[in-house]
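Grab a pencil and work through these exercises with the model open beside you. Try each task on your own before you read the solution.

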Amino acid sequence: MLKVENISVNYGAINALKDVSCHIEEGEIVALIGANGAGKTTILNTISSLVQAASGRIVFNGCDITKMPPHDVVKMGISQVPEGRRVFPEMSVMENLELGAYARSDREGVREDMTSVFKRFPRLEERKKQYAKTLSGGEQQMLAMGRALMARPKLMLMDEPSMGLAPILVEEIFNIITEINQTGTTILLVEQNAHMALSIAHRAYVLETGEIVLHGDADELAANPEVRKAYLGE
Amino acid sequence: MFLQQLINGITLGAVYGLIALGYTMVYGIILLINFAHGEIFMAGAFVGLMMVTVFKMNIFLALILAMAFCMVLGVVVERVAYRPLRNSSRLSALISAIGVSIFLSTLALLIFGANAQGYPAQTFPVSQIHIGPAEISTLQLLILGLSAVLMIGLELIVHKTKIGKAMRATSQDYQTAALMGINVNRVISFTFGLGSSLAAAGGVLVGLYFNAVSWNMGLMAGLKAFAAAVLGGIGSIPGAMLGGLFLGIFEIMGVAAGLSSYRDAIAFAILVLVLLIKPTGLMGRKIQKKV
């Protein structure tokens, strides 16, 4: 579904990504794990075209999206739940969700999706008229996820959905991610919480200072002594 | 004659508000003080005047054409002078804005000469209407009415339309806005076009009100409207309207109190005070640093 081929990204003189390749097949949850500053977010932002690659290419369903502007990447069916949620603070929950469907013109389908987002996140419906900035961290995470779902994406990029949340909420968020995946959305998940990420992912890549150092089935990686030592705190 | 001065102040303030909206909308979206905005206002005033004097048009048609012309001019200025500098330092874009400002006013000087020009008599029939001890002219009513219509129209665009929602999203977080599928460049163009057409309406109204259109009229009006935008809280649309009204009232009251030789200083004294005491202005939100 998505092929990232030999991508390099530079921020000024710093090589944020060096010759990174990975692929995601339809229906999978693929996790990207690694320490802070390893380049996980940069990979997502390069796929979303917020960051331009210095070399390499990104192919989505057979279409080269490397140089596509970010709003067209969304139209191709890739939406992102950004790090730190990034909900629009001075807009209502409802407006945030409507913005998620900005690129769509099928009103009927948008209304259906709104209903199903509210069904999945009843808290959002209770607060649909409230400004997003008044929501708690967990609710904002749900809003960011609901907003991304409103684009009816084929592929969802999720950046640190567990960041700053209480453990019980983390559990809930990961259950929801699994559910979203089971209803047919492919997911690329970036997480520092490697334990949780590997527990729901099918496959995973391990990133270290801009390079992919390991990849394989999530179970295998979770059993790998190196991974256990470096990322699972053993 | 407090009531009379209040009427005069609100009239002037409504025009400052129209111009201030352009500053505040552009700042809200790309954090740029568009110092060429005063010259867009001047260009609007000239286009309106030419439509009336050269093409013998009705003033309302002239107004609409001036707004349309400046809408295009605003979009072109952004495209040519600001967009190539989008990823440079904010100072570069500011310097470019000052360059555009000098270019446009000098161009107007070349084309129209140094003397102020007025509208022919009876362009807009003016009569006085008495309200108690005060009076209001039909021209003042036109200015107030039209400003109100334009401001309400703008509020509707910003809050009720899809592009308005995109504008607000872009001003709150332009990167995430792009992730929603919003074409941020198109939103920026739209914002420039909208702000510029409001300035053009202001230009035509000011030209009528003072019966003078000149190549350098954009400088003082632009700076005062900028002060109004800061007073209201730069980035805030209702703030710009409110700031404009306050500034117009202060200015006229100052003149009425015998400070007429300090007329232009009043706006800048207010600007300095706001920046010292409450830099976010009357309705401004906390300044967030954008990445």
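## Exercise 1: Following a parallel pair

In strand S7 of chain A, Met156(A) is the bridge partner of Ser79(A). That's your way into this predicted model.

**Task.** Starting from that bridge, work out how many bridges join S6(A) to S7(A), and whether the two strands run parallel or antiparallel.

**Solution.**
- Step 1: find the two stretches. S6(A) covers residues 78-81, and S7(A) covers residues 155-159.
- Step 2: count the links and check the direction. Four bridges join them, and the two strands run parallel.
- Step 3: look at where the S6(A) side chains go. Ile78(A) and Gln80(A) point one way, while Ser79(A) and Val81(A) point the other way.
- Step 4: recall the general pattern. In a regular strand, side chains alternate between the two faces of the sheet.
- Step 5: check the surroundings. Are these four residues of S6(A) buried or exposed? All of them are buried.

## Exercise 2: An open sheet

**Task.** Put the strands of the four-stranded open sheet in chain A in order, then explain why two of them have a side without a neighbour in the sheet.

**Solution.**
- Step 1: read across the sheet. The order is S2-S1-S4-S5 in chain A, with antiparallel pairing.
- Step 2: go to the ends. S2 (14-24) and S5 (63-64) of chain A sit at the edges with a single partner strand each, so one side of each has no neighbour in the sheet.
- Step 3: zoom in on one pair. S1 of chain A (residues 2-11) is joined to S2(A) by seven bridges, and these two run antiparallel.
- Step 4: pick out one of those bridges. Tyr11(A) has Ile14(A) in S2(A) as its partner.

## Exercise 3: Two domains in chain A

**Task.** Describe how chain A is divided, and find which helix gives the largest share of the domain 1 side that touches domain 2.

**Solution.**
- Step 1: mark the bounds. Domain 1 of chain A takes in 1-77 + 154-234, and domain 2 takes in 85-152.
- Step 2: place the two. Their C-alpha centres lie 23 Å apart.
- Step 3: size up the contact. Domain 1 of chain A puts in eleven residues and domain 2 of chain A puts in nine.
- Step 4: name the suppliers. On the domain 1 side, H2 and H7 (167-182) of chain A each give at least two residues.
- Step 5: choose the biggest. H7(A) has the largest share, with four residues.
- Step 6: sort that side by class. The domain 1 side has eight nonpolar, two polar and one charged residues.

## Exercise 4: Where the chains meet

**Task.** Work out what chain A brings to its contact with chain B.

**Solution.**
- Step 1: count each side. There are 20 residues from chain A and 14 residues from chain B.
- Step 2: spot the helices. H2 (70-76) and H3 (93-100) of chain A each supply at least two residues of chain A's side.
- Step 3: sort by class. Chain A's side has eleven nonpolar, four polar and five charged residues.

## Exercise 5: How sure is the predictor?

**Task.** Which elements of chain A have the lowest and highest confidence?

**Solution.**
- Step 1: start with the whole chain. Chain A averages a pLDDT of 94, and 100% of its residues score at least 70.
- Step 2: go to the extremes. H10 of chain A (residues 225-231) is lowest, at a mean of 85, and S7(A) is highest, at 97.

Notes: Residues are numbered from 1 along each chain as its sequence is written. Chains are lettered from A and ligands numbered from 1 in the order in which they are written. This is a predicted model: local features need pLDDT of at least 70, side-chain atom pairs count only at pLDDT 80 or more; totals for chains, interfaces and linings use all residues. Two strands pair if DSSP finds at least two bridges between them. A residue is buried if 20 or more other C-beta atoms lie within 10 Å of its own, exposed if 12 or fewer, and partly exposed in between; C-beta atoms are placed from the backbone. Two residues are in contact if their C-beta atoms, placed from the backbone, lie within 7 Å. Ala, Val, Leu, Ile, Met, Phe, Trp, Tyr, Cys and Pro count as nonpolar, Asp, Glu, Lys and Arg as charged, and the others, Gly among them, as polar. Domain bounds come from an automatic or database domain assignment. pLDDT is the predictor's confidence in each residue, from 0 to 100.
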